[in-house]
Amino acid sequence: MVDFLAENNLCGQAILRIVSRGNAIIAELLRLSDFIPAVFRLKDKSDQQKYGDIICDFSYFKGPEYYDGKLEAKPELQDLDEEFRENNIEILSRFYLAFESVHKYIVDLNRYLDDLHEGVYIQQTLETVLLNEDGKQLLCEALYLYGVMLLVIDQKIEGEVRERMLVSYYRYSAARSSADSNLDDICKLLRSTGYSSQPGAKRPANYPESYFHRVPISTTFISMVIGRLRSDDIYNQVSAYPLPEHRSTALANQAAMLYVCLYFSPSILHTQQAKMREIVDKYFPDNWVISIYMGITVNLVEAWEPYKAAKTALNYTLDSANIKEQATRYAASMESLRPQVQQLLKEGFLREEIILDNIPKLLNCLRDCNVAIRWLMLHSAESAYDPNNKRLRQIKEQVLNDSKYNRKILFQLLLDTAQFEFTLKEMFKQMLSEKQIKWESYKKEGSERMTELAEVFSGVKPLTRVEKNENLQAWFREISKQIESLNYEDSTAAGRKTVQLIQALVEVQEFHQLESNLQVCQFLADTRKFLHQMIRTINIKEEVLITMQIVGDLSYAWQIIDSFTSIMQESIRVNPSMVTKLRATFLKLASALDLPLLRINQANSADLLSVSQFYSGELVAYVRKVLQIIPESMFTSLAKIIKLQIHDIMEVPTRLDKDKLKDYSQLGARYEVAKLTHDISIFTEGILMMKTTLVGIIKVDPKQLLEDGIRKELVKRVAYALHKGLIFNPKAKIQDWQSVHQSTHIPIPKFPSVDESATFIGRLCREILRITDPKVTCYIDQMNTWYDLKSHQEVTNNRLFSEIQNTLGTFGLNGLDRLLCFMIVKELQNFLTMLQKTILRDKAVVDVFKAMLGAVNPVQGIVANASKVYANAVAKTQKIWGAYLEAIMKVGQMQILRQQIANELNYSCKFDSKHLAAALENLNKSLLADIEAHYQDPSLPYPKEDNTLLYDITAHLEAAGIHNPLNKIYITTKRLPYFPIINFLFIIAQLPKLQYSKNQGMTCRKATDPVDWPPLVLGLLTLLKQFHSRYTHQFMALIGQFIRSIMEQCTSQKIPDMPSDVVGALMFLEDYVKYTKLSRKFRTIL
């Protein structure tokens, strides 16, 4: 018969692929559960107020028109909704694909069962598949994994959150318009169950069986799977645990599968007492806390509370006498096993002969240790007992008291067992690899000894007082041949024959009175020893390693091991060499990866790498968390050293009186510094003692761990110092997982916000914006200085940015520049929104623009009665200029700051890295020359779309200050009606507030109506730069026409002085040409 899992067996491969996918889906769900955007929980009042109207649960489907109508009625909600979509569509799509794969999994399983029923697979039915060992395992796993998926989803992703995410995905994606979308079915399967994983939360009625029945599954299939799980040892685990008291541990994985599958047939739990009694007697006679998948624990007392038959059957297990019996038994095991394992771990005790002679004893010791650790870890776990449940509290207290539970002793036994297991495995692997070589060498030695003895009795080879004996000579030659003929491949026959040869050598010594000759006796004894070694060596079998792998399973502790973290860290802090034993524990924990990866590997699935990386990454993250105590302790010691050196130890002067020598010696403080320095070196040695280790598929290098740990601690402490230090007291969102600057190993810590800024850089930026605010300060461009408008005192100058660079470094200053860049983007976006939704929707204002457009045409001409025309237009639009001015000034202010930062960065780059500065400038010039040449002749080369050269060089140029912020395009824009007219009216509306001074240029007339000239010019310049250049030309033409028209009117009215507004307009043109570096001919054209 064809092997069920053979590649040409379609029936076996189909169910194997389904089960493989099931394990991959659970890994993806667990991975995603750490990335649920917090906003979907709507826990904070601020989130509820801000997003309450755009995040909906399934009530949305009852009246989508109502919710969409609310959005359309409020433009600000539409903007928020669009921003929310951009920020979250990627993660929502990932969640939806995971949810969809759960639904597809059960649909595919049902289709497979239908195919079996309809005879699609020749000679295969449900019954025949269940008779096959692999088929039986896979069908049971298929149902079990579906149940685990549903439980994981409900535990890790709350019902309300699921609904909100699905509704958001429906609204933001194309799924609503797709005909083949199965979103409805997914929503039906994953709608909220009412379950909450919070302690003390009430369990919903008929949960989880009603949840499990949302997609119907064949009752015959469920019944047959449960029947197999009840009666068979489907994984043949009992052979690895021969002792009857270990049976429940042997069947623990099967018990977890049965626990999940019973929810598909709740009638057994409710009414079938005989079946439940049989299940409890077989699987749960001495345990009630189980691990169902990768350390997810369940307490049967709580889980089976609503089910009469299950609850009744479990009562005997939960009888206080039985609890006491089990707890005291494992307490006694702990007492006897600890010294036993410690003895085995003594240096030099575990030798090859000891192992070969005591394989059964050593395996028994391993079994006892692992069974005791499993029972005590599960039944004492905090997560397994709800503190609000009185009965659970009582059971837990009894377990802790009767087992004399001590977490440190249990942890020590786990460490010792892991180390013993690791050592034994490594030695056994080595013996297995050398097995044949050693066996052949022992055979050769034994055969040669017999040949030598044959020669001795031939009389040719001299040996003291040995007479010639042809019979013995022939006999020993025959024995030599017999030994030589032993065949390694046929180990059973060779073993039997070896025993007979040993017996023959014993008998020849007795019957032929050879005892009198010590040398002959020694030859015979040596040969017997070699034959004994051959028997031992032939008994080294891979089955022992497999048994050790089964017995050493620690997957049940995947989550509860975290409760021992504090003990691990404390033991490392006290004794850094403890890391070597922890290495064995981490490797033991890594064996848990075999469970989800086995089927994925068998199916040759592409998911193998991603699932391996996820679980390995989780374990490596835990290893990092435990070992982080070493860098923490190092920095604590360093802080003490710094304190001693600054505050306690006096600096020794160059000249010192002899009688004061004792005062300056300060032996106590210096001894303390030496001791702390020694401690730091010991900590470093401790982590480096953990050799490079393969954890799952990730190689953990201790040097890298130490470096990352030190960097993490350094980042944490520097960030904290900056967070506390940069707090001021004045009277586009990126998720962590999307950020290139955030790291899982060396995370930038988050602190509670003290203002609207998320970090100290934000606070610093806002403080600079506050003290240079154009409403209260005046910026003098020639001096690069800000002065207070009222007192005329200097507020700050360009030295501020030198100080920031000295404090935060080039990266800090560059980060400040990038933040200002994003702020300008935000300000311009808000400004355009205001322009489109407020100004251009005001009919009266638009009518003024239309009239003005008619009055100024043609632009090359002169406007008749100019003063009146312009004054009327400004007066009618006066109400819109307040917000307009504020936005333009903000942008201008930030552009001035960006210019100052660029100057500082460029200066320091040329000073500190002149070669880098020169290389960047030349590369930039050559790139620009090539791009210009390409536009003149498209056949010449140009960087392709997938070439990141331009993007990469821009980042370097900005960091070196080799760029002009005024030339930057911050946002993409569309055509806007009346845009040149609006900006023209805006600038002439501001001119009366300003006056010209020969020394200072354009300054504010009144401190009560502040307008700062440089931010005004730069803000308007930046705004115009975002649009097509024709808008700028039209705007400048309007200013030119304004100057000509007013001057024409002055000339006709014989007014001798040039009006101040004309002076202001001319100054605007002058500064515009200066900042944009345009040719001076530009003004003459106007």
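Good morning. I begin with L638, which is partly exposed, at a relative accessible area of 35%. The structure on the screen is a predicted model, and every value I quote is computed from that model.

L638 sits in helix α30, which covers residues 629-648. Together with I642 and I646, L638 makes up a nonpolar patch on the surface. The accessible area of these three residues together is about 280 Å².

From the surface, let me turn to the interior. The largest nonpolar core has 214 residues. Which of its members touch the most other members? They are Y112, W304 and Y615. As for the origin of this core, helix α4, residues 75-118, supplies its largest share, namely 17 residues.

I should like to take Y615 as an example. Setting aside neighbours within four places in sequence, Y615 is in contact with I26, A27 and L30, with Y293 and M294, and also with W558, L593 and P596. Apart from this core lies another one, of 91 residues. Among its members are I824, M852, M1036 and I1043.

Next, two individual positions. T1032 belongs to helix α43, which spans residues 1029-1052. Is T1032 buried or exposed? Its relative accessible area is 12%, and T1032 therefore counts as buried, the limit being under 20%. Beyond its neighbours within four places in sequence, T1032 has contacts with L1024 and Y1072.

The second position is P943, located in the loop between α39 (914-936) and α40 (949-959). P943 has a relative accessible area of 18%, so this loop residue also falls under the 20% limit and is buried. As a point of orientation, P943 and V825 are 118 residues apart along the chain, and their C-alpha atoms are separated by 26 Å.

Finally, I come to a pair of strands. Strand β8, residues 994-997, pairs with strand β9, residues 1001-1004. In which sense do β8 and β9 pair? The pairing is antiparallel and runs over 4 bridges. One of the bridge partners can be named: Y996 is matched with M1002 in β9. The two strands form a hairpin, with 3 residues between β8 and β9.

To close, I return to the contrast with which we began. L638 is partly exposed at 35%, whereas T1032 is buried at 12% and P943 is buried at 18%. Thank you for your attention.

Note on methods. Residues numbered from 1 in each chain as written. Predicted model: local features only at pLDDT ≥ 70, side-chain atom pairs only at ≥ 80, totals over all residues. Heavy atoms only, no water. Pairing = 2+ DSSP bridges. Core = buried A, V, L, I, M, F, W, Y, C linked by side-chain atoms within 4.5 Å. Buried < 20%, exposed > 50% of the residue type's maximum accessible area, 1.4 Å probe, protein only. Contact = heavy atoms within 4.5 Å. Patch = residues over 30% accessible without salt bridge, like charges linked within 9 Å, V, L, I, M, F, W, Y side chains within 5 Å. Areas by Shrake-Rupley, 256 points an atom, 1.4 Å probe, with all protein chains shown as cover. Salt bridge = Lys/Arg side-chain N within 4 Å of Asp/Glu carboxyl O.
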